[in-house]
Amino acid sequence: MSAETHGLPLARSGSLRSDYEYVEGWGMAVGHYNRVLRPRSVEEILVSYENARRSGVPIALRGTGCSYGDPSCNAEGHVLDLTGMNRILDFDEQSGEIEVEAGVTLEQLWKFLLPRGHWPKVCSGTMFPTTGGALGMNIHGKNNFQVGTWGDNTLEVDLVLPSGELRTCSREQNADLFHAAIGGLGMLGTFSRARMKTKRIYSGEIEVRGISTRTLRAMMEYFEEHKSHADYLVGWIDCFGGGDQLGRGLIHEAHYLPEGVDPDPKASLKVGYQELPANIMGVLPKDQVWRALSLFNHDLGMRAVNLAKFHAGRVEQMGGPYRQSHAGFNFLLDYVPNWKWAYGRRERRGLIQYQPFVPDETAHDVYSELLKHCQRKGFVSYLGVLKRHKPDPFWLTHALDGWSLALDFKVTPANREALWKHCHEMTEIVLEGGGKFYFAKDLVLRARDRERFYPEGRFESFCDLKRECDPDGLLQSDVWRRICSETEEKRGA
Ligand SMILES: Cc1cc2nc3c(=O)[nH]c(=O)nc-3n(C[C@H](O)[C@H](O)[C@H](O)COP(=O)(O)OP(=O)(O)OC[C@H]3O[C@@H](n4cnc5c(N)ncnc54)[C@H](O)[C@@H]3O)c2cc1C
């Protein structure tokens with residue numbers, strides 16, 4: 001369909017593409033039919049703003065839509081898809097600094113960097129997010145405790161404001177905007193360009209060690225003992241484990257190889273060396289694995305899968321350290337394309353991820369209570385992932401001196417209401433423990449929850465800056481309306 005058929009004025013839109021389609025959160029539990037605008041330049045971003053303003057509807061910014069919930073969904077307007085702005089603009093091999101357009105994905109980045117002996121400083125568990133989306137959420141990796149968030153490793157961004165201005169922001173220039181827009185949920189403007197640091201590497205492989213742990217306490221103690229020298233630490237937790245095995249799991253600790261250790265870095269630094277195998281165990285085509293997984297996608301099946309994984313972890317530990325490709329280690333979840341379909345493929349079915357961030361002092365008690373609460377209520381997470389974090393200076397950041405525990409829950413039309421209630425109960429436990437949340441992994445928080453976890457006045461300052469950058473409130477999304485409404489009502493805005 002052409003843009004005209006949806007009532008979008010074509011004035012000055014030139015070659016701006018526009019389609020009408022179903023746009024959903026990555027977890028599939030939320031979605032709407034939207035007009036999707038696809039700019040390929042700053043000019044076209046400005047045209048998109050103007051067209052949305054004329055149509056009288058707000059727009060949500062979107063990268064590849066890898067946020068589990070609703071940050072790039074918009075029930076009330078258009079969606080601006082930035083994936084068309086995907087050029088790598090510059091790379092300095094000496095400093096390792098790279099400059100890209102905001103639609104460049106993590107996959108594009110590592111495939112460009114690796115043969116040049118570099119790797120992205122921060123990787124999420126999937127390689128598909130865009131740079132703009134990574135900035136919008138200020139994403140973290142399994143090395144957050146060492147290198148900080150995506151924003152910590154960003155030197156400069158260009159932000160296209162709804163007011164029509166293009167502002168270059170860094171720690172020195174427009175510093176408030178830099179610290180508010182990174183992690184700012186795409187509410188202040190559209191990132192069009194970014195310059196970032198990258199990591200020098202001397203091999204396409206990384207050394208990994210599996211450590212099986214019988215309790216959450218043991219896992220956390222291991223992290224604390226090793227976080228000063230490990231490059232990466234991540235813990236998988238069997239959320240079905242109870243009693244004296246509550247929080248049992250498997251840690252993966254990884255280290256970059258120093259220069260000279262890899263006998264043939266030229267070979268391992270090739271992209272082909274990193275590619276994930278096309279078949280699992282040599283037989284089952286990767287793109288069909290989600291079908292097999294769907295057979296286990298219920299409490300009994302996942303209890304068995306988690307138990308098997310726990311025992312496999314004990315065997316892995318006995319095998320000692322091993323080498324793995326960077327892509328294999330960082331993007332393990334991408335091994336199984338569309339694994340989320342195992343949770344159901346029809347609209348509003350799927351999964352939500354619930355990821356509370358809790359200060360070090362209270363984390364063990366809060367997470368133990370959450371795991372027990374889940375078991376009591378019959379909502380056990382099918383996947384639990386523990387990470388260690390450190391604070392950063394971004395206004396709406398989720399990061400802190402503490403921990404996060406990511407929990408995946410299956411959503412069906414039948415369990416939706418009860419699951420949301422369960423999450424609200426968990427939220428109470430987290431907030432009581434001084435914790436906070438990350439909107440890339442959220443679909444359940446309410447404005448009253450959000451009000452309790454930002455430092456006094458922080459969110460209000462962000463809203464003031466939004467009024468300056470976006471006086472007409474053009475940039476909105478489902479999550480923004482969900483977490484804002486109560487504040488805005490109180491302020492009479
Ligand atoms: C399997 C899986 C594993 C994951 N693992 C991790 C992990 O380990 N760590 C982690 O931190 N996250 C993780 N994530 C979440 C993911 O990294 C973030 O949600 C990320 O923001 C997705 O990027 P995107 O390009 O898909 O952006 P979207 O999800 O489309 O958008 C994210 C936000 O950025 C805004 N935005 C998008 N583009 C722009 C732009 N150009 N300018 C301004 N704002 C913009 C959007 O409005 C929205 O608020 C994971 C997601 C999946 C599916």
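**Exercise 1.** Does glutamate 425 count as buried, partly exposed or exposed, and what is its relative accessibility? Then find its salt-bridge partner and place both residues in the chain.

*Solution.* Before starting, note that this is a predicted model, in which local features need pLDDT of at least 70 and side-chain atom pairs count only at pLDDT 80 or more, while totals for chains, interfaces and linings use all residues. Residues are numbered from 1 along each chain as its sequence is written, and side-chain values use heavy atoms, with hydrogens and water left out.

Step 1: recall the classes, in which buried means under 20% relative accessible area, exposed means over 50%, and partly exposed lies in between (1.4 Å probe, protein chains only). With a relative accessibility of 22%, glutamate 425 counts as partly exposed.

Step 2: a salt bridge requires a side-chain nitrogen of Lys or Arg within 4 Å of a carboxyl oxygen of Asp or Glu. Glutamate 425 forms one with lysine 377, where the closest N and O atoms are 3.7 Å apart.

Step 3: helices (H or I, at least four residues) and strands (E, at least two) are DSSP runs, numbered from the N terminus. This pair links distant parts of the chain, because glutamate 425 belongs to helix H13 (residues 416–432) and lysine 377 to helix H12 (residues 360–377), 48 residues apart. Lysine 377 counts as partly exposed too, at 44% relative accessibility.

**Exercise 2.** Describe the salt bridge between arginine 482 and aspartate 442, and state whether each residue is buried or exposed.

*Solution.* Step 1: the two side chains meet at 2.9 Å, N to O. Step 2: arginine 482 lies in helix H16 (residues 478–491) and aspartate 442 in the loop between H13 and helix H14 (447–453), 40 residues apart, and the pair thus links distant parts of the chain. Step 3: arginine 482 is buried, with a relative accessible area of 19%, and aspartate 442 is buried at 5%.

Step 4: to widen the view, a search of the whole structure finds 32 salt bridges. A network of salt bridges links Glu97, Glu99, Glu156, Asp158, Arg193 and Arg195.

**Exercise 3.** Which strands pair with strand S13, and how are its residues placed?

*Solution.* Step 1: six of the six residues of S13 (residues 232–237) are buried, so the strand is largely enclosed by the rest of the structure. Both faces are covered, with Tyr232, Val234 and Trp236 buried on one side and Leu233, Gly235 and Ile237 buried on the other.

Step 2: two strands pair if DSSP finds at least two bridges between them. S13 is antiparallel to strand S14 (residues 249–256), over six bridges, and tyrosine 232 has alanine 254 of S14 as its bridge partner. S13 is also antiparallel to strand S20 (residues 384–389), over three bridges, and there leucine 386 stands opposite glycine 235.

**Exercise 4.** What is the strand order of the open sheet of four strands, and which strands form its edges?

*Solution.* Step 1: the order is S1-S2-S4-S3, with mixed pairing. Step 2: the edge strands are S1 (17–24) and S3 (59–62), each of which pairs on one side only. Step 3: S1 and strand S2 (residues 31–38) run antiparallel and are joined by eight bridges, in which tyrosine 20 has arginine 35 of S2 as its bridge partner.
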